[in-house]
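Reader: Could you walk me through one strand of this model and the residues around it? I'd like a close look at a single part.

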Amino acid sequence: LMISSATPRPIALVSSRNPTTGVDNVAPFSYFGCVGHDPPMLAIGFCRNRNGVMKDSITNILASKEFSVQIISEWYLDAANHSCGAFPPETDEYVESGMTKMECQDIKAPMVKEAAVTYECKLVHVQAMTNPQSGKPTTEIVLAEVVKIHVDE
């Protein structure tokens, strides 16, 4: 209900890199928004899977402290949707989805070449949310500072 009732909403296509293995990850996230301009800040909600396990994106972000966010556009929507499959951590979703990987300029993470807008981000804060009945963690809310913006003109 939360995803379908709060509209319209942008989808964050998050790109991250595992700093230990060097494997790149890209995946879409529905809980996303701009939350400040001085400094420019984004917030993203990373819901855990049904077994309570963190997704690769948030695991990479917690380890590396940096990532990029692309605003999904119609011209690569199918590829972006394909990146949300249940791939194992050692899988590079760029290869699986067919999106073109580029290196960011100010952080050690990839970005999607097809994106019209990309934010290079550094982690500022993570807030873990828990289910009030079970007490189990369900979501990590990430607050990030945008350190560079790319706009494809």
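Author: Here is a look at strand β1 and its surroundings. This is a predicted model, where local features need pLDDT of at least 70, side-chain atom pairs count only at pLDDT 80 or more, and totals for chains, interfaces and linings use all residues. Residues are numbered from 1 along each chain as its sequence is written, and side-chain values use heavy atoms, with hydrogens and water left out.

Strand β1 covers residues 12-17 and includes R17; strands here are DSSP runs (E, at least two residues), numbered from the N terminus. V14 sits in β1 too. At 0% relative accessibility, V14 counts as buried, meaning under 20% relative accessible area with a 1.4 Å probe, protein chains only. Leaving out neighbours within four places in sequence, V14 is in contact (heavy atoms within 4.5 Å) with N25, V26, A27, F29, I44, F46, I61, F67, S68 and V69.

V14 is also one of the residues touching the most other members of the largest nonpolar core, which has 18 residues. Such a core is a set of buried Ala, Val, Leu, Ile, Met, Phe, Trp, Tyr and Cys residues joined through side-chain atoms within 4.5 Å. Elements supplying at least two residues each include β1, β2 (24-29) and β4 (40-47).

Now for R17: at 16% relative accessibility, R17 counts as buried as well. The R17 side chain makes polar contacts (N or O atoms within 3.5 Å, one able to donate a hydrogen and the other to accept it; residues adjacent in sequence count only if both atoms are side-chain atoms) with the side chains of D24 at 2.6 Å and E103 at 2.7 Å.

Methods: Helices (H or I, at least four residues) and strands (E, at least two) are DSSP runs, numbered from the N terminus. Buried means under 20% relative accessible area, exposed over 50%, partly exposed in between (1.4 Å probe, protein chains only).
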